[in-house]
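Open your viewer and get ready to click around. We'll go stop by stop, with a selection to make at each one.

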Amino acid sequence: MQILIGVVVVAVLIGAFVLGARVRDGESGPPHPSSHPLRPSTDRPPGRMSEYRRPAEVPRADGTRRLRPYQLRAGTETSPAPSRE
């Protein structure tokens with residue numbers, strides 16, 4: 001019985017390998033290098049920005065009520081110069 005189970009497992013593995021090879025042969029090949037996008041001409045990596053951020057002032061609330069998130073402004077403001085801290 002164990003030999004029969006072993007033969008079935010080996011047959012299933014061989015069948016899976018043959019089926020995978022057929023599927024891979026039917027797919028298109030890898031893209032040609034000329035179809036890839038070109039890098040920008042700058043020396044900086046794409047997506048990087050050179051700006052400094054400083055924290056925005058938090059509005060004050062009276063002692064009886066809390067401020068809700070929609071009542072706050074954005075968390076940071078941009079600045080062209082670095083902070084002096």
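**A loop, a helix and what lies around them**

Start by selecting Q71, which sits in the loop between β1 (52-55) and β2 (76-79). Keep in mind that you're looking at a predicted model.

Is Q71 buried, exposed or partly exposed? Q71 is partly exposed, because its relative accessible area is 32%, and the buried label needs a value under 20%. Now add V58 to your selection and draw a distance between the two C-alpha atoms. The gap should come out at 9.9 Å, for two residues that are 13 apart along the chain.

Next, zoom out and switch to a cartoon view. The protein chain has one helix and two strands, and if you trace them from the N terminus, the order is α-β-β.

Now colour by pLDDT. The chain averages 79, with 72% of the residues scoring at least 70. Which element has the highest mean pLDDT, and which the lowest? That's α1 at the top with 95, while β2 is at the bottom with 62. Where pLDDT is low, the predicted coordinates should not be read in detail.

So let's select α1, which covers residues 2-26. Draw a line from the first C-alpha of this helix to the last: it reaches 37 Å, close to the 36 Å expected for its 25 residues. How many of those residues are buried? Zero, so α1 lies largely in the open.

Stay on the helix and pick V9, which is part of α1. V9 counts as partly exposed, because its relative accessibility is 44%. Then extend your selection to M1, L4, I5, V8, V12 and L13: together with V9, these make a nonpolar surface patch of about 730 Å².

Last stop: show the surface of the whole chain. About 8700 Å² is exposed, and carbon and sulfur atoms supply 59% of that area. Buried residues make up 2% of the 85 residues in the chain. If you turn on contacts and keep those between residues at least 6 apart in sequence, 38% of them join residues at least 24 apart.

Technical notes:
Residues are numbered from 1 along each chain as its sequence is written. This is a predicted model: local features need pLDDT of at least 70, side-chain atom pairs count only at pLDDT 80 or more; totals for chains, interfaces and linings use all residues. Side-chain values use heavy atoms; hydrogens and water are left out. Patches are made of residues with over 30% relative accessible area and no salt bridge: like charges are joined within 9 Å, nonpolar side chains (Val, Leu, Ile, Met, Phe, Trp, Tyr) within 5 Å. Accessible areas come from the Shrake-Rupley method with a 1.4 Å probe; for residues, only the protein chains shown count as cover. A salt bridge is a side-chain nitrogen of Lys or Arg within 4 Å of a carboxyl oxygen of Asp or Glu. Helices (H or I, at least four residues) and strands (E, at least two) are DSSP runs, numbered from the N terminus. Buried means under 20% relative accessible area, exposed over 50%, partly exposed in between (1.4 Å probe, protein chains only). Contact means heavy atoms within 4.5 Å. The expected span of a helix is 1.5 Å times one less than its number of residues. pLDDT is the predictor's confidence in each residue, from 0 to 100.
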